[in-house]
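Reader: Could you take one part of this model and look at it closely, then set it against the chain to which it belongs?

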Amino acid sequence: MKNLITRIAYIPQSERFSAFFAIFMVMLSLVGLWLDITLKDGFYWFQRTGALLVLAGVELQYAKLTSLWKNELGDELNAPTVRERLSSGQGISMLQEAQAAEATRGLAVRLHRIVTDKSMKDVAAVISLIIGTIIWAFGDLPFRI
């Protein structure tokens, strides 16, 4: 389980990919709008691209959380578990357990700060989520008239 969490937490994310992906999704939405205006074929491409904008917003938030998660975790995931210490013959130290509990509380505070600190990337993600949801829900209505 520990290895699975480590692999998931350390999925490589780059700011460049995140920005490129969001810009590409906006461009696809504009292409969908243009297609609906010019073709009037009844496929409602613009409405379908709302889902892509939602995906862009989710990816922006995911990239932020995974990159910051990796930075904040540090050595917490590399510390031996109680089971590993017992199997290696080290035993359990109450001092070690108290230090581990304190580190966990500190990690929770740091993770809370990560989630609540806002940046322009967060604003762009929320705007993308809201606009994408609106387009996804109502993007066909202007073209049905």
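**A close look at helix H6**

Author: On the other side of H6 from its buried residues, Met 120 and Phe 138 are exposed (over 50% relative accessible area, whereas buried is under 20% and partly exposed lies in between, with a 1.4 Å probe and protein chains only). This is a predicted model, in which local features need pLDDT of at least 70, side-chain atom pairs count only at pLDDT 80 or more, and totals for chains, interfaces and linings use all residues. Residues are numbered from 1 along each chain as its sequence is written, and side-chain values use heavy atoms, with hydrogens and water left out.

The buried residues of H6 are Lys 121, Asp 122, Ala 125, Ser 128, Gly 132 and Ile 135. Viewed down the axis of H6, these buried residues fall within an arc of 165° (taken from the directions from the helix axis to the C-beta atoms), so they line one face of the helix. An α-helix has 3.6 residues a turn, so residues three or four places apart point the same way. As for length, H6 covers residues 120-138, and its 19 residues should span 27 Å at 1.5 Å a residue (counted as 1.5 Å times one less than the number of residues), which agrees with end C-alpha atoms that are 27 Å apart.

The protein chain that holds H6 has 6 helices and 0 strands (DSSP runs of H or I with at least four residues, or of E with at least two, numbered from the N terminus). Of its 145 residues, 26% count as buried.
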